[in-house]
Amino acid sequence: AWSDAGELIGQGYDVLLSGGLDPENVGPALDELGDLLPWGVDVASGVEAKGGGDGPPRTDPERLARFVAAVRAVDGGLSVPATPPTGRDARRADKLS
């Protein structure tokens, strides 16, 4: 369970919460941790467009926006990293914006 991460966070470990997260369950998953927040959350298939299709999975912008909003709502708006992304991460960020 995601709540198991709370013990590690409490011991000072940086934890990346992952495993089946989507816009509907990320808020409750973070709530299970109480005042302890993970270093970050991971999502992939949880924000993909629902339904079939012959092509590769596609990120659903609306599901992604709802996921981000749910994460930010847990702490009233989480801060962004102090250091901007560089290299490959910067190129990926540009493609997403």
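## A tour of the salt bridges

Start with the whole protein shown as a surface: about 7,000 Å² is exposed, and carbon and sulfur atoms supply 52% of that area. Keep in mind as you look around that this is a predicted model.

Next, switch to a cartoon view. You will find four helices and two strands, and following the chain along the sequence gives the pattern α-β-α-β-α-α. Now colour the residues by burial: of the 97 residues in the protein, 23% are buried. If you display contacts between residues at least 6 apart in sequence, 52% of them join residues at least 24 apart.

Now for the charged side chains. Side chains of opposite charge can pair when their charged atoms come close. How many salt bridges does the structure hold? There are three, and we can visit each in turn.

**Stop one: Arg63 and Glu24.** Select these two residues and show their side chains. They form a salt bridge, with 3.8 Å between the closest N and O atoms. Arg63 sits in helix α3, which covers residues 61-74, while Glu24 is in the loop between β1 (16-17) and α2 (26-31), so this pair ties together parts of the chain that lie 39 residues apart in sequence. Are the two partners buried or exposed? Arg63 is buried, at 8% relative accessible area, whereas Glu24 is partly exposed, at 45%.

**Stop two: Arg66 and Glu24.** Keep Glu24 selected and add Arg66. Their side chains meet in a salt bridge as well, at 2.9 Å from N to O. Here too the link is between distant parts of the chain: Arg66 belongs to helix α3 and Glu24 to the loop between β1 and α2, with their positions 42 residues apart in sequence. Arg66 is partly exposed, with 33% relative accessibility.

**Stop three: Arg66 and Glu62.** Stay on Arg66 and add Glu62 to the selection. This salt bridge has an N to O distance of 2.6 Å. Both residues are in helix α3, and because they are four residues apart, about one helical turn separates them. Glu62 is partly exposed, with a relative accessible area of 42%.

**Last view: the network.** Which residues do the shared partners join together? Select Glu24, Glu62, Arg63 and Arg66 at once: salt bridges with partners in common connect these four into one network. Rotate the view and trace it from Arg63 to Glu24, on from Glu24 to Arg66, and finally from Arg66 to Glu62.

Definitions and conventions:
Residues are numbered from 1 along each chain as its sequence is written. This is a predicted model: local features need pLDDT of at least 70, side-chain atom pairs count only at pLDDT 80 or more; totals for chains, interfaces and linings use all residues. Side-chain values use heavy atoms; hydrogens and water are left out. Buried means under 20% relative accessible area, exposed over 50%, partly exposed in between (1.4 Å probe, protein chains only). Contact means heavy atoms within 4.5 Å. Accessible areas come from the Shrake-Rupley method with a 1.4 Å probe; for residues, only the protein chains shown count as cover.
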